[in-house]
Amino acid sequence: PSIGAEFAVDAIVLSWIPTAFLLAAAMVAVPFGRISDIHGMKRIFGYGVILFTSASLLSAISPSALSLILFRVFQGIAGGIIFVTGLAIITSVYPPHERGRAIGINIATVYIALSLGPVLGGIITQYLGWRSLFFAMIPLGITILVITWWKLDNEWAASRGERFDLKGSLLYSICLVMLMYGFSRLPGLKGIVLVGFGIVGFAGFVMFEARVDSPLLNIRLFKNRTFAFSNLAALINYSANFTVGFLLSLYLQYIKGLDPQSAGLILVAQPVVMAVFSPIAGRLSDRFPAQKLASLGMALCTMGLFILTFITAQTSIAMVSGGLVVLGLGFGFFSSPNTSAIMGSVEKRFYGVASAMVSTMRLLGQMLSMGLALMMFALFIGNVRITPVEYPALLDSIHTVFLICTVLCFLGIFVSLARG
């Protein structure tokens, strides 16, 4: 709202400020995962931090909404590079018997940040303005860069000397953007067409990569049962769970009449539980099969979603919080072991690509999850403002989404078990 007020733009333009970041991050994840395998993870990570810091400065001084969106694209590219290389470096540094614990700590920091980000962002915006959010990234970026070059003594480039598949990279990025943007525009005709083109494009990408000597994405990796089913389980988990926060924020504010701050304090229960249990699950995955731990996590997510399918206007806050706690517990037990399984199922020269697949499955799942929610809103409510008259339809759409997500997550249990 602060940005919209300053630049006098509508909600559609504003929606591109976060969307541009997500699309750009997803578009570059796999290409830069491969580049980091060839040219060195530390070097590419450092370039990502430099680009992110520079893009933050440009975003802070943006003269218009369109320029801000452009600079957010650069930020998204940098973010994608950082996400991919960070996890790959951790996997390279730690031996297999300690890798789960390290990945669990990494995932816990992500969830802590997800919990703190909206709260700190709101406070900073209220007192210092929205531009201060981007200015704050500059000293952080410089600090990260100094620590990276000071503390990381080694370079990791297990595929050094191999050729980078530029044509495959361009084809992959274009198809992924069509698919993700199409999800965000469902159930409209534009969304259906883009998703269709994206699927057809990916079929062509697979055939192209199968004939390339040094492919961007080695299709043979998916013959690895653990790699294939772990990635599919991640896609299902994010598709089923990401929309929970969005739906419950509407439920708590519209149906229950809570203010945004109170709603936010309730919703923070899920990421807090994730942050607590992710390192525990990561440590356990060093001792017990990831298949069992991740499947247990998926089962707990199914249980949490099933609890939320019963919410009504009279449902107590305690029951909603209980569902969120079970979801957080399930996601904590799923994410660390599943990520560890993906990273441990490939050779060192594919760590960057494997890390990129983790990010891609997350982003695709998030977009698919939001696309499902928006599709149900279009069917049950229509393109109107949500007023008390639409509250019953809003509840019906929330119930339907939670029911679909519960079934999806239940099927995900068997996908997780199938990895062997």
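**Group meeting: salt bridges, cores and surface of a predicted model**

Good morning. I begin with one acidic residue, E162, which has a relative accessible area of 29% and is therefore partly exposed. Please keep in mind throughout that what you see above is a predicted model.

Which residues does E162 join through salt bridges that share partners? The network consists of R34, E162, E347 and R349. Within this group, the side chains of R349 and E162 form a salt bridge, with an N to O distance of 3.3 Å. R349 is placed in the loop between α14, residues 317–344, and α15, while E162 belongs to the loop between α6 and α7, residues 166–184, so this salt bridge ties together parts that lie 187 residues apart in sequence. R349 also forms a salt bridge with E347, whose closest N and O atoms are again separated by 3.3 Å. As for accessibility, R349 is at 29% and counts as partly exposed. E347, at 49%, likewise counts as partly exposed.

How many salt bridges does a search of the whole structure find? The search returns 4. One that I have not yet mentioned pairs the side chains of R131 and E6, at 2.6 Å from N to O. This pair also links distant parts of the chain: R131 is in helix α6, residues 131–151, E6 is in helix α1, residues 2–7, and 125 residues separate them. E6 has a relative accessibility of 43% and so counts as partly exposed.

Let me now turn to the chain as a whole. Its secondary structure consists of 16 helices and 0 strands. The radius of gyration is 21 Å, close to the 22 Å given by the globule rule for 420 residues, so the chain is as compact as a globular protein of that length. Taken along the principal axes, the C-alpha atoms fill a box of roughly 65 × 50 × 40 Å. Of the 420 residues, 52% are buried. If one takes the contacts between residues at least 6 apart in sequence, 82% of them join residues at least 24 apart.

I come next to the interior. In soluble globular proteins, nonpolar side chains tend to be buried together. In this model, the largest nonpolar core contains 91 residues, and the members that touch the most others are M180, V244, L248, Y251, L305, I311 and F402. Which helix gives the most to this core? Helix α15, residues 351–380, does so, with 14 residues.

I311 deserves a closer look. Apart from its neighbours within four places in sequence, I311 contacts L248, Y251, V320, L395, I398, H399 and F402. There is also a second, separate core of 10 residues, among them F7, I17, A20 and F134.

A residue of helix α15 shows how parts distant in sequence are brought together: A356 is located in that helix. Is A356 buried or exposed? A356 has a relative accessible area of 0%, and is therefore buried. Beyond the residues up to four places away in sequence, A356 touches A29, V30, G33 and V84. The C-alpha atoms of A356 and A29 are 5.0 Å apart in space, although 327 residues separate the two in sequence.

Helix α2, residues 11–39, also holds S15. S15 has a relative accessibility of 29% and so counts as partly exposed. From S15 to I69 the C-alpha distance is 9.7 Å, with a separation of 54 residues in sequence.

Finally, the surface. The chain has an accessible surface of about 18,900 Å², and carbon and sulfur atoms account for 72% of that area. Which residues form a nonpolar patch on this surface? They are L403, V407, F410, L411, F414 and L417, and together they have about 570 Å² of accessible area. F414 is found in helix α16, residues 391–417. At 47% relative accessibility, F414 falls short of the 50% that exposed residues exceed, and so counts as partly exposed.

To close, I return to the point of departure: E162 belongs to one network with R34, E347 and R349, through salt bridges that share partners. Thank you for your attention.

Definitions and conventions. Residues numbered from 1 in each chain as written. Predicted model: local features only at pLDDT ≥ 70, side-chain atom pairs only at ≥ 80, totals over all residues. Heavy atoms only, no water. Core = buried A, V, L, I, M, F, W, Y, C linked by side-chain atoms within 4.5 Å. Buried < 20%, exposed > 50% of the residue type's maximum accessible area, 1.4 Å probe, protein only. Helix = DSSP H or I, 4+ residues; strand = E, 2+ residues; numbered from the N terminus. Contact = heavy atoms within 4.5 Å. Patch = residues over 30% accessible without salt bridge, like charges linked within 9 Å, V, L, I, M, F, W, Y side chains within 5 Å. Areas by Shrake-Rupley, 256 points an atom, 1.4 Å probe, with all protein chains shown as cover. Rg over C-alpha atoms; globule rule 2.2 N^0.38 Å.
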